[in-house]
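Grab a pencil and work through these exercises with the model open next to you. Each one sets a task and then walks through a solution.

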Amino acid sequence: MVRLIPKDTSFFKMFSAMSDNLIAGAGALVDLFADYQDVDSKIEQIHRIEREGDELTHAILTKLNQTFITPFDREDIHQLASKLDDVLDFINASGARLVMYRITDPPPAAGEMARIILRQSQELQKAVSLMQKNGNILVHCVEINRLENEADLVSQQAIARLFEYEKDPINLIKVKELLEFLERATDKAEDVANVLETVVLKNT
């Protein structure tokens with residue numbers, strides 16, 4: 001039977017743009033911790049990327065409201081856009097804490113967690129690129145979940161060291177919150193993987 005109204009596949013390109021932008025934000029966060037100089041301008045760069053992510057999310061949700069037949073379930077499109085945006089929101093929020101709390105010497109674990117976020121973002125990009133091709137998305141979801149577990153361990157160990165060695169209670173609170181926000185970003189990446197798994201299961 002011929003489809004009178006074809007499914008709109010431009011959503012795949014829009015999700016690809018979102019994942020590319022997420023990698024840009026995660027990469028900027030890695031660069032920030034790798035060379036902790038000129039912090040304000042680097043965080044402003046992350047904020048610009050986050051604003052672009054908001055615009056991309058809004059564009060997808062607007063298109064969703066205007067599209068009659070979608071390539072997969074409408075609620076999953078909404079969830080995927082929102083969850084991708086959440087990862088970038090927590091990347092931006094982590095950077096913002098550096099300025100808000102005037103953190104002059106972030107722990108090495110912060111840079112390690114930023115690198116994990118970037119690796120998760122790269123896996124998300126690979127998974128999103130396979131959506132239209134019916135590729136093996138689940139293998140990338142498994143790796144994203146593994147990386148989230150790795151981030152949990154890094155965060156727990158860093159916070160334990162913080163309570164053991166940090167003598168300034170105010171600084172302890174500041175750095176602990178920074179680590180928690182970075183860890184939340186990895187949680188949000190796992191949430192995206194869960195949505196992708198749902199999409200795969202519904203369409204197999």
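**Exercise 1. Find the volume of the largest cavity in this predicted model, then work out what lines it.**

Step 1. Start with the size: the largest cavity comes to about 60 Å³. Counting cavities of 30 Å³ or more, the structure holds 1.

Step 2. Now list the walls. The lining is made of Met18, Asn21, Leu22, Gly53, Leu56, Thr57, Leu84, Asp85 and Leu88.

Step 3. Sort that lining by element: α1, α2 and α3 are the ones that give two or more residues to it.

Step 4. Sort the lining by class, and you get 5 nonpolar, 3 polar and 1 charged residues.

**Exercise 2. Describe the largest nonpolar core: how many residues does it have, and which helices feed it?**

Step 1. The core has 67 residues. The members that touch the most others are Phe15, Leu29, Leu80, Ile91, Met131 and Leu196.

Step 2. Go through the helices. At least two core residues come from each of α1 (10–34), α2 (39–66), α3 (74–100), α4 (108–129), α5 (137–165) and α6 (169–202). The largest share belongs to α6, with 14 residues.

Step 3. Zoom in on one of the well-connected members. Skipping neighbours within four places in sequence, Leu29 is in contact with Ile46, Ile91, Ala114, Ile117 and Leu182.

Step 4. Put this in a wider setting: in soluble globular proteins, nonpolar side chains tend to be buried together.

**Exercise 3. Take α2 and compare its span with the expected one, then see what covers its buried residues.**

Step 1. α2 has 28 residues and runs 41 Å from first C-alpha to last, close to the 40 Å expected at 1.5 Å a residue.

Step 2. Pick out its buried residues: Val39, Lys42, Ile43, Ile46, Ile49, Glu50, Gly53, Thr57, Ile60 and Leu64. The cover over them includes α1 and α3.

Step 3. Follow one of these, Ile46, which sits in α2. Ile46 counts as buried because its relative accessible area is 1%, and the cut-off for buried is under 20%.

Step 4. List its partners. Not counting residues up to four places away in sequence, Ile46 touches Gly25, Ala28, Leu29, Leu32, Ile91 and Asn92.

Step 5. Check a residue at a distance: Ile46 and His78 lie 32 residues apart in sequence, and 24 Å separates their C-alpha atoms.

**Exercise 4. Decide whether Ala28, Ala114 and Ser94 are buried or exposed, and find what each one touches.**

Step 1. Ala28 belongs to helix α1. With a relative accessibility of 5%, Ala28 is buried. Beyond its neighbours within four places in sequence, Ala28 is in contact with Gln45, Ile46 and Ile49. You can also check the backbone here: the C-alpha atoms of Ala28 and Lys42 are 7.3 Å apart, with their positions 14 residues apart along the chain.

Step 2. Ala114 is part of helix α4. Its relative accessibility is 0%, so Ala114 is buried. Leaving out residues up to four places away in sequence, Ala114 touches Leu29, Val30 and Phe33. Ala114 and Phe33 are 81 residues apart along the chain, yet their C-alpha atoms are separated by 7.9 Å.

Step 3. Ser94 is in helix α3. At 1% relative accessible area, Ser94 is buried as well. With residues up to four places away in sequence left out, Ser94 touches Leu178, Phe181 and Leu182.

**Exercise 5. Look at Asp38 and Arg102: what is the sign of phi, and where do these residues sit?**

Step 1. Recall the background: most residues other than glycine have a negative phi.

Step 2. Asp38 isn't a glycine, but its phi is positive, about 50°. Asp38 sits in the loop between α1 and α2. With a relative accessible area of 55%, Asp38 is exposed.

Step 3. Arg102 also has a positive phi of about 50° without being a glycine. You'll find Arg102 in the loop between α3 and α4. At 71% relative accessible area, Arg102 is exposed.

Step 4. Finish with the helix that Arg102 follows, α3. α3 has 27 residues and reaches 38 Å from its first C-alpha to its last, close to the expected 39 Å.

Methods: Residues are numbered from 1 along each chain as its sequence is written. This is a predicted model: local features need pLDDT of at least 70, side-chain atom pairs count only at pLDDT 80 or more; totals for chains, interfaces and linings use all residues. Side-chain values use heavy atoms; hydrogens and water are left out. A nonpolar core is a set of buried Ala, Val, Leu, Ile, Met, Phe, Trp, Tyr and Cys residues joined through side-chain atoms within 4.5 Å. Buried means under 20% relative accessible area, exposed over 50%, partly exposed in between (1.4 Å probe, protein chains only). Helices (H or I, at least four residues) and strands (E, at least two) are DSSP runs, numbered from the N terminus. Contact means heavy atoms within 4.5 Å. On a 1 Å grid over the protein atoms alone, a cavity is a set of points where a 1.4 Å probe fits but cannot get out, and a pocket is an open set with protein on both sides within 12 Å along at least five of seven lines; lining residues have an atom within 4 Å of a point. Grid points are joined across faces, edges and corners, and a volume is the space filled by probe spheres set on the points. Ala, Val, Leu, Ile, Met, Phe, Trp, Tyr, Cys and Pro count as nonpolar, Asp, Glu, Lys and Arg as charged, and the others, Gly among them, as polar. The expected span of a helix is 1.5 Å times one less than its number of residues.
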